[in-house]
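Biologist: Got a minute to go through this model with me? I'd like to start with the rings.

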Amino acid sequence: MKRIGVLTSGGDAPGMNAAIRAVVRAGVYHDLQVFGIYRGYQGLIDGDIAELGARSVGGIINRGGTILRSARCKAFFEKEGRAQAAKALAQHGIEGLVVIGGDGSYRGALDLHKEHGIACTGLPGTIDNDIGGTDFTIGYDTALNIALEAIDRIRDTAESHDRIFFVEVMGRHSGYLAMMSGIAGGAEEILVPETPTSIESIVEHLRINREKGKQSSIIVVAEGDDAGNAIQVAKQVDAMANIPNSRVVVIGHLQRGGTPTAFDRVLASRLGVRAVEALMEGATARMIGINANNVVLRPLDEAWKCRTQFDPGLTRIAHILAT
Ligand code: F6P
């Protein structure tokens, strides 16, 4: 293998740049030519491809977002789109591809491999930490700490004004970020899509807390909770508990940007180097993950077949501590 490509796909995540840097520099170290593919699979279809050298990735390890930019590309879900992408790769002589993104991006990579024989490795890049085959995804730790800082700040106002705050944390299909930031921030309630939410029991919990003298509460709501988003949950709780003065904070995309933590940078660096070396060893359709602090190679489809979930015991811990 002489030429490889790297792209970022799906939602950006802090640490993606550190991963790009690792892929490019590991490639250069092993005498490969490395090509950056811009705007994810869309750029691949459009042939938006340029060679990257060690210097082109200088000064990016500390930057959030992705210098390659990202996209969610519908055309790549179609066979025709993938055929165009394979053609662009062939034109540049690229034999192996490193895809940095979530499980949706891996599905595309697996199809590209099956239909056109392109060797693909996936690097888990998403703040959601919901990809199977890895304990942690690149970007999760940074997003978690941003959410936690927001909760800590909100706590000050909640306590000063005896208020209930509903804080919405990202995670359309996963409550991982909500659960961890909620426990770390000492939230009184944590609502996640993995478990059914009962508005009645939240109201009852708030009533008991008030009786015990606790006048303020933080209720962390994962955006994909079954009872709705934070605004919808707040409306239901306020109406039932007759709370006039609650507030809703949606942290939203603040969680996706900004300087990656040391953890995310080191994870991205470890996984990025391994992705290149795996391609050189002949790996196809593999993702690189971290398991018990070891870098591991897993089948790409494990990403969505065995999705990572938080330990269900954490629900109990959150409940015990929220008194
Ligand atoms: O998958 C990452 C993520 O940030 C989710 O947590 C969130 O539900 C979704 O992306 C938001 O996507 P978009 O940026 O397209 O609104």
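Modeller: Sure, one definition up front: rings of Phe, Tyr and Trp (its six-membered ring) pair if their centres lie within 6.5 Å, with planes under 30 degrees apart counted as stacked, over 60 as edge-to-face and the rest as tilted. This is a predicted model, so local features need pLDDT of at least 70 and side-chain atom pairs count only at pLDDT 80 or more, while totals for chains, interfaces and linings use all residues. Residues are numbered from 1 along each chain as its sequence is written, and side-chain values use heavy atoms, with hydrogens and water left out.

Biologist: Okay, which residues form the aromatic cluster?

Modeller: Phe 136, Tyr 140, Tyr 176, Phe 263 and Phe 310 make up one cluster. The structure holds five aromatic pairs. Take Phe 136 and Tyr 140: their ring centres are 6.2 Å apart and the planes sit at 15°, so that pair is stacked.

Biologist: And Tyr 140, buried or exposed?

Modeller: Tyr 140 is buried, at 5% relative accessible area; buried means under 20%, exposed over 50%, and partly exposed in between (1.4 Å probe, protein chains only). Phe 136 is partly exposed at 29%.

Biologist: How are Tyr 176 and Phe 310 arranged?

Modeller: Edge-to-face, with 6.5 Å centre to centre and 75° between the planes. Tyr 176 is in helix 6 and Phe 310 in the loop between helix 10 (302-305) and helix 11 (313-321), so the pair ties together parts that are 134 residues apart in sequence. Helices (H or I, at least four residues) and strands (E, at least two) are DSSP runs here, numbered from the N terminus. Both rings are on the buried side of the cut-off: Tyr 176 has 10% relative accessible area and Phe 310 has 6%.

Biologist: Switching to packing. Which residues touch the most other members of the largest nonpolar core?

Modeller: Val 98, Ile 100, Leu 123 and Ile 218, out of 59 residues in that core. A core here is a set of buried Ala, Val, Leu, Ile, Met, Phe, Trp, Tyr and Cys residues joined through side-chain atoms within 4.5 Å. Helix 5 (residues 140-160) gives the most to it, with eight residues.

Biologist: Where does that core lie relative to the domains?

Modeller: Domain 1 (3-139 + 260-305) and domain 2 (141-256) both give residues to the core, so it lies between them. Those bounds come from an automatic or database domain assignment. Apart from this core lies another one, of 28 residues, including Phe 35, Ile 94, Leu 112 and Leu 300.

Biologist: What is Ile 218 in contact with?

Modeller: With contact meaning heavy atoms within 4.5 Å, and leaving aside neighbours within four places in sequence, its partners include Ile 151, Ile 154, Arg 155 and Glu 188.

Biologist: Arg 155 and Glu 188 caught my ear. What do their side chains form?

Modeller: A salt bridge, 3.2 Å from N to O; the rule is a side-chain nitrogen of Lys or Arg within 4 Å of a carboxyl oxygen of Asp or Glu. Arg 155 lies in helix 5 and Glu 188 in the loop between helix 6 (176-184) and strand 7 (189-191), so they tie together parts that are 33 residues apart in sequence. Arg 155 is buried at 14%, and Glu 188 is buried at 6%.

Biologist: How many salt bridges does the structure hold?

Modeller: There are 16 salt bridges. Another one joins Asp 111 and Arg 82, with the closest N and O atoms 3.7 Å apart. That pair links helix 4 (residues 103-116), home of Asp 111, to helix 3 (residues 79-91), home of Arg 82, 29 residues apart. Asp 111 is partly exposed at 27%, whereas Arg 82 is buried at 5%.

Biologist: Which residues are linked in a network of salt bridges?

Modeller: Asp 103, Arg 107, Asp 130 and Arg 307.

Biologist: Last topic, His 113. Which backbone oxygen does its side chain reach?

Modeller: The one on Ile 118, at 2.9 Å. His 113 sits in helix 4 and counts as buried at 19%. Its contacts beyond four places in sequence are Ile 118, Ala 119, Thr 284 and Ala 285.

Biologist: What about the phi of Ala 285?

Modeller: Near 50°, a positive value in a residue other than glycine. Ala 285 is in the loop between helix 9 (262-280) and strand 10 (286-291), and is buried at 10%. Ala 292 also has a positive phi, about 50°, but Ala 292 is exposed at 59%.

Conventions. A polar contact is a pair of N or O atoms within 3.5 Å; within protein, one must be able to donate a hydrogen and the other to accept it, and residues adjacent in sequence count only if both atoms are side-chain atoms.
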